Amino acid sequence: MPSSPKSFYGRPPPLSSRRPAFLIIFCLLVGVSGFLYGITSFLWPIHGYRCLNTRPRSVRVVWEQLGSSGGSNDGIRGGIGKDRHKVMGFVGIQTGFGSVGRRQSLRRTWLPSDRQGLERLEEATGLAFRFIIGRTNDKSKMATLRKEIAEYDDFIQLDIEEEYSKLPYKTLAFFKAAYALFEAEFYVKADDDIYLRPDRLSLLLAKERSHSLTYIGCMKKGPVFTDPKLKCFRMFSNEDVTIGAWMLAMNVNHENNHGLCSTDCTSTSIAVWDIPKCSGLCNPEKKMLELHQKESCSKSPTLESDE
């Protein structure tokens, strides 16, 4: 007689015996999820996140009292900082509230737009770059500026009204702030409407000079250099004329270099602008991009200049 098939019906284990297995699975899921989140955060960091230990590059300078509280986005107070950043040259790019487009063109051409790029440029040339701007009572413009600072972190804000008629006073405030923040051999005033070759500017500044105080420029326009420890200042309507007058009052060596006011990119040009048609580049936002596309502007080798 054939045997009848047997059926087996498993009885579910008691609830108490299922809990350990459930807890083990739950813990495994939590552990795997945490591991995956950690790997994802490492490979794809949150956009806009900055390390808390990263020191801000943009500062607000207020000349109220002696002593410096250090660099931060909240400002430093007048005086010479004990921990001034050491560079061969500090380049202050003079700019204003109506020059957002110019600054964007600069960041798309010869000036890096990110912290790492600015640091690499400083390491390669010995030059630190910041935009120099004052303040305004227009809350909308100030809010827009704060957003730009948060995005690019490449400014020094001066506690002085940003107004064309006050440019000589802004220039004086710039040199004071630059000297307080940076320990440099040269302090450079540049404009936001010129095409600059930082590598060639570095080469110019690195040359040996017999004079301890040297004023370098095109003697018409362009970046200028000075020792900001002056005690008496006479102001003129034009900031470059004002600086020239300051230099005449000091025992400085005047060095004229036409590479600082070239009308086109050459093997020795350092700064390019449309002299004498414009005080800088005509239509700088567009012209800056056009110049950067030319190999003679952005990719030609850096050569010694006899000037």
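I take contact to mean heavy atoms within 4.5 Å, and I keep that cut-off in mind while going through this predicted model.

**Entry 1, helix H2.** I looked up which residues of helix H2, running over residues 100-107, are buried, and I found Arg103, Ser105, Leu106 and Arg107. I then asked what these buried residues pack against, and the list holds three strands and two helices by name: strand S3 (85-94), strand S4 (127-135) and strand S5 (155-161), together with helix H4 (139-152) and helix H8 (284-293). For one of the buried residues, Arg107, I also checked the charged end, and I find that this end sits over the ring of Tyr152, 3.9 Å from the ring centre. A second arrangement of this kind turned up at Arg84, whose charged end sits over the ring of Tyr179 at 4.8 Å from the centre.

**Entry 2, Ser58.** I went next to the loop between helix H1 (15-43) and strand S1 (59-62), where Ser58 lies. I note that Ser58 has a relative accessible area of 2% and is therefore buried, the cut-off being under 20%. Which backbone atoms does the side chain of Ser58 reach? I find the backbone nitrogen of Asp154 at 3.0 Å, and also the backbone nitrogen of Phe155 at 2.9 Å.

**Entry 3, aromatic pairs.** Having met Phe155 as a partner of Ser58, I turned to the rings, and a search of the whole structure gave me six aromatic pairs. One of them is formed by Phe131 and Phe155, which I record as tilted, with 5.6 Å from centre to centre and 40 degrees between the planes. This pair links distant parts of the chain, since Phe131 belongs to strand S4 and Phe155 to strand S5, and the two residues are 24 apart. I looked up whether each ring residue is buried or exposed, and I found Phe131 buried at 0% relative accessibility, while Phe155 is likewise listed as buried, with a relative accessible area of 0%.

I then examined Phe174 and Phe175, whose ring centres lie 4.8 Å apart with the planes at 45 degrees, so I enter this pair as tilted. Phe174 counts as buried at 1% relative accessibility, and Phe175 is buried with a relative accessible area of 2%. Following the ring pairs outward, I find that they link Phe174 and Phe175 with Phe90 and Phe182 into a cluster.

Methods:
Residues numbered from 1 in each chain as written. Predicted model: local features only at pLDDT ≥ 70, side-chain atom pairs only at ≥ 80, totals over all residues. Heavy atoms only, no water. Buried < 20%, exposed > 50% of the residue type's maximum accessible area, 1.4 Å probe, protein only. Helix = DSSP H or I, 4+ residues; strand = E, 2+ residues; numbered from the N terminus. Polar contact = N/O pair within 3.5 Å; in protein donor to acceptor, adjacent residues only side chain to side chain. Phe/Tyr/Trp six-rings, centres within 6.5 Å; stacked < 30°, edge-to-face > 60°. Lys NZ or Arg CZ within 6 Å of the ring centre and 35° of its normal.
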